[in-house]
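Reader: I should like to learn how backbone features and overall chain dimensions are read from a model. Please take me through the structure shown here.

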Amino acid sequence: MDREAILKKFEPNLSNILYIMHDLQDNNPQRYLAKEDIEVCAEYLNVPYSYVHSVASFYTMFSLKPRGKNIIRLCESPPCHLMGARSLLDYLKTSLKVDVGGTTKDGVFTLETTSCLGACGVAPAMMLNDEMFGNLTAEKVDSILDQRRKEI
Amino acid sequence: MIRATINNVEIEVPEGTTILWAAKKAGFTIPTLCNHPDLPPGGQCGICVVEIEGLPGLKRACMTPIGEGFKIKTHTPRIQATRRQLVELILSDHDTSCLTCVKNNNCELQQLAATVGINTVDYKNESRKKHPIDHSSVAIVRDPNKCILCGRCLTVCSQVQTVNALAVNHRGSETLISTAFDAGLGNSVCINCGQCVVHCPVGALYERSATEEVWEALHDPDKFVVVQEAPAVRVMLGEEFGMPVGTLVSGKMHAALRRMGFDAVLDTNFAADLTIMEEGTELISRLTSGKNLPLITSCSPGWIKFMETFFHDMIPHMSTAKSPQQMFGALAKTYYAKEKGIDPAKIVSVSIMPCTAKKFECLRPEMNASGYRDVDYVLTSREIGRMMREAGIDMNEMPDEHADPILGEYTGAATIFGATGGVMEAAVRSAYALVTGKELEDVEITPVRGLKGIKEAEIDIEGTKVKVAVAHSCGHARALLEKVQDQMRKDGKSEYQFIEVMACPGGCVGGGGQSWGSNMAKRARRGESLYAEDRSLPMRRSHENPEVQAAYEKFLEKPNSEKAHKLLHTHYFKRSAVDGKILPG
């Protein structure tokens, strides 16, 4: 969907800024808000360009840098931490050869951390795009990511 | 009225008074950092906390209105410890290289640390990130390592000027006041007005200095260095030498510059009179033809970039007359060079301005009407103050001297250019004579004076009524121009025929190149001082200036002549509201 069409789905009302930016980000093949996305959003809502950037930079769910096709968000809240999230994070960093915030060379995964996902009962937990996975182990993470690689 | 006690001192203050101001009345100065008298309180820093008996926690004095019967304490052990801790926390995340900082001795954080008694910093912040210094702008440098996130620059940029070049980006310990995508001020909508600079309490924002280049030119025997000084500089420069705010030092300033080694000490005020001749003539021709009214003044380069960025449809309304700085520059390397028999290639043209945007203006590619860069270097009033101190010159000891001919004579109309409404008043004084052939009896047009955001007046030029408006600060200019746009959409024309806009609050006296710690009270005093100089001068109408008359006779022919157009007039561009760059087409 082009940017024009996305904007037209919403009233040009400042209270829609987050919805618009989510939609723009989801439709960007690199899953981020590009300069052009910020620009059209500012123009459509008739607010300063710097303001839209400021809002986008505040929320961790928006990225202002290009990302991979799939976003891994590993929970780092205390319950997950106690259940081994830290070693899982180290494992992910080594196996994907990226740092937190980085994207794999093939552009398939971006590794991020997140605050509590509300899935403490199945800690440690992570999200892959919009899907939730719990009771994670290194093996389970491997199979989830392998599965995703096969799907694309 | 509200009755309360502050440190057991009984006070009575009007309802709505903040604790900060009430305490002042009781004789106590509560230390502040993010607070600025001209800006709404933001409560970011928390330095001004006080205790109110019976209320939990500490309250910020800057934003808490005093209540009936409040018993307030302003320096209990708990408050003192809190303040010290807050300052220490700020210092732990601050680049404390004070001795090499442009703000050394003028820094509010430095003063605060002394006031609250900081002698150690217990917090080591080794994770403090080193940010690159933003050198992208030709006018303003921004050093995020010095920034304490007080938000004054933001407030003035977004609320007072409505420019919105700066914003708060990211969050928590990553928070950074910066331009979008960290593109830098030079790649943003920044209009270079420098209000952020004069509102910054620390050394995070300052002008891009040209002092080294000017020293080099002064010490080069092959160069002929000419200098011009803007009207607003002469009512500020004394402050750099400890004189009372608004002291008029025109004569001393000329003497000091001569002693610094400038080969010719001329005056921007000459060019201000010239501007009136060009702009006044333009006004009359527009009033006669009825086209492109209202005419809007073009002296303020911050305002020019603002208009180019946010009001594309106003470009035809702009006066094509260059600012006095650029008119002066164009004449220095043509008329002056010719009359004095100097090779223009050897002339270095320096201007001293209350303004940071002038640094941008002199570098605009089209500003080379003389065949050379018309103005080579712009120094802010602060920079020339520093250079004079470096040269061991004390303004207090200077005699009163005149500027040099043939670009040095000026009238009272020129000197009031530095205050909001001054250009309008000067233009009316001369336009009246140009239209009627008679002189305006009472040259003082008081409705356009003063610090009201938007001023209006109706001028009667022998039966022809001219409605004028004056706006200072870009926020007020925006409001006025939106009204003009509305009127033009509805009636096809505006109620105004002539509009003056100055980008900075108070006009040039409140410019971004003036001394640190600027506020409206200081701006008002400097403005009054300019009006006093106007009253003291024998000539108060631009067209009476004999050197201006001579320039037309010997060189420019007449106002708006072909030659005048080539040298003294300019054109404007549409700019992007994203990065401030000129739009194609």
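Author: Let us start with the peptide bonds of this predicted model. The peptide bond from B:Leu293 to B:Pro294 is one to examine.

Reader: Is the peptide bond from B:Leu293 to B:Pro294 cis or trans, and what is omega?

Author: Most peptide bonds are trans. From B:Leu293 to B:Pro294, however, the bond is cis, with omega near 0°. B:Pro294 sits in the loop between helix H8 (268-289) and strand E12 (295-296) of chain B.

Reader: Which residues of chain A does a cis peptide bond join?

Author: A:Ala123 and A:Pro124 are joined by a cis peptide bond, and omega there is about -5°. A:Pro124 belongs to the loop of chain A between strand E2 (109-114) and strand E3 (126-128).

Reader: How should I read the sign of phi, and what is phi of B:Asn192?

Author: Most residues other than glycine have a negative phi. B:Asn192 is not a glycine, yet phi is positive, at about 65°. This residue lies in the loop between strand E8 (176-178) and helix H5 (195-199) of chain B.

Reader: Does B:Asn192 count as buried or exposed, and why?

Author: The cut-off for a buried residue is 20 or more other C-beta atoms within 10 Å. B:Asn192 counts as buried because it has 29 C-beta neighbours inside 10 Å.

Reader: What is phi of B:Asn560, and where is B:Asn560 found?

Author: B:Asn560 also has a positive phi, near 65°. The residue is found in the loop between helix H17 (546-556) and helix H18 (562-568) of chain B. B:Asn560 has 21 other C-beta atoms within 10 Å and is therefore buried.

Reader: Turning to the whole of chain B, how many helices and strands are there?

Author: Chain B has 18 helices and 17 strands. Of its 585 residues, 52% are buried. Among contacts between residues at least 6 apart in sequence, 75% join residues at least 24 apart.

Reader: What does the radius of gyration of chain B say when set against a compact globule?

Author: A compact globule of 585 residues would have a radius of gyration near 25 Å, and chain B agrees with 25 Å. Along the principal axes, the C-alpha atoms of chain B fill a box of roughly 75 × 60 × 50 Å.

Reader: Finally, how many residues does the contact take from chain B and from chain A?

Author: Chain B contributes 13 residues and chain A twelve residues. The side of chain B that touches chain A consists of eight nonpolar, four polar and one charged residues.

Technical notes: Residues are numbered from 1 along each chain as its sequence is written. Chains are lettered from A and ligands numbered from 1 in the order in which they are written. This is a predicted model: local features need pLDDT of at least 70, side-chain atom pairs count only at pLDDT 80 or more; totals for chains, interfaces and linings use all residues. Helices (H or I, at least four residues) and strands (E, at least two) are DSSP runs, numbered from the N terminus. A residue is buried if 20 or more other C-beta atoms lie within 10 Å of its own, exposed if 12 or fewer, and partly exposed in between; C-beta atoms are placed from the backbone. Two residues are in contact if their C-beta atoms, placed from the backbone, lie within 7 Å. Ala, Val, Leu, Ile, Met, Phe, Trp, Tyr, Cys and Pro count as nonpolar, Asp, Glu, Lys and Arg as charged, and the others, Gly among them, as polar. The radius of gyration is taken over C-alpha atoms; the globule rule is 2.2 Å times the number of residues to the power 0.38.
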